[in-house]
Amino acid sequence: MSLLRSLNLLSTLAHQTTVRGGSIRAVHRTAALCKVEDRKAMLASLPTMDEGTIGERSIDIDSMIDKKSSIFPDASTPTMLFNGVPFNELPICHIRVSPNNTIISITDAKGTPQFIRSCGIEGFKNTRKGTNIAAQATAISICTRAIERGYKTVRVTVRGLGPGRMSAIKGLEMAGMNIVSITDTTPVSWNPPRPRKQRKL
């Protein structure tokens with residue numbers, strides 16, 4: 001705070017001149033201090049990045065209800081047939097997303113794991129594991145293996161927040177998987193832990 005006060009004082013004196021012993025000199029700020037102050041102001045004005053929701057679209061649900069009533073599950077959903085298979089017997093694709101990695105596993109209807117892949121297994125190292133490109137590549141590779149084994153139609157559950165949420169689902173679609181439903185199972189705490197203190201810029 002004292003640094004900002006002194007910079008403000010210097011800026012007000014920048015256009016004034018001082019007379020000492022008959023000589024006149026101008027007071028000015030150095031360029032380095034101006035750059036630091038401008039950068040801090042720019043960083044403070046930036047909006048906070050909302051992790052995990054990048055690429056998601058907001059949808060007007062009321063208009064969808066009017067158009068298509070079967071978009072939401074009801075009592076008859078478990079017995080509804082998709083490619084000749086009841087909904088509750090379809091395999092499940094679990095996408096576990098974190099800011100640093102994305103883990104995708106395909107299980108049968110009972111929950112027995114059949115395939116599991118992560119961005120690290122796929123060959124991405126360090127910070128590249130947490131990118132949307134890594135999640136998409138992982139989804140494509142696990143999907144091609146699943147299609148070879150006969151898994152064509154799946155349910156998808158997404159858990160967690162991170163850059164790979166939307167791109168993993170896009171990867172499944174790109175590889176030719178038929179996605180019947182998308183469920184978000186991210187745990188939400190009603191009394192979360194105290195957040196970290198604000199970062200000093």
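Biologist: What makes the span of H4 agree with its 17 residues?

Modeller: The expected span of a helix is 1.5 Å times one less than its number of residues. For the 17 residues of H4 that gives 24 Å, and the end C-alpha atoms are 25 Å apart, so the two agree. Helices here are DSSP runs of H or I with at least four residues, strands are E runs of at least two, and both are numbered from the N terminus. Bear in mind that this is a predicted model, where local features need pLDDT of at least 70, side-chain atom pairs count only at pLDDT 80 or more, and totals for chains, interfaces and linings use all residues. Residues are numbered from 1 along each chain as its sequence is written, and side-chain values use heavy atoms, leaving out hydrogens and water.

Biologist: Why is cysteine 143 called buried?

Modeller: Buried means under 20% relative accessible area, exposed over 50%, and partly exposed in between, with a 1.4 Å probe and protein chains only. Cysteine 143 has 0%, so cysteine 143 is buried. Cysteine 93, at 1%, is buried too.

Biologist: How do you know that cysteine 93 has no bond to cysteine 143?

Modeller: A disulfide is a pair of cysteine sulfur atoms within 2.5 Å. The sulfur of cysteine 93 is 7.7 Å from that of cysteine 143, its closest, so the pair is too far for a bond. By this rule the model has zero disulfides.

Biologist: What covers the buried residues of H4?

Modeller: The cover includes E6, strand E7 (113-118) and H5. Among the buried residues of H4 are Ala139, Ile142 and Ala146.

Methods:
Contact means heavy atoms within 4.5 Å.
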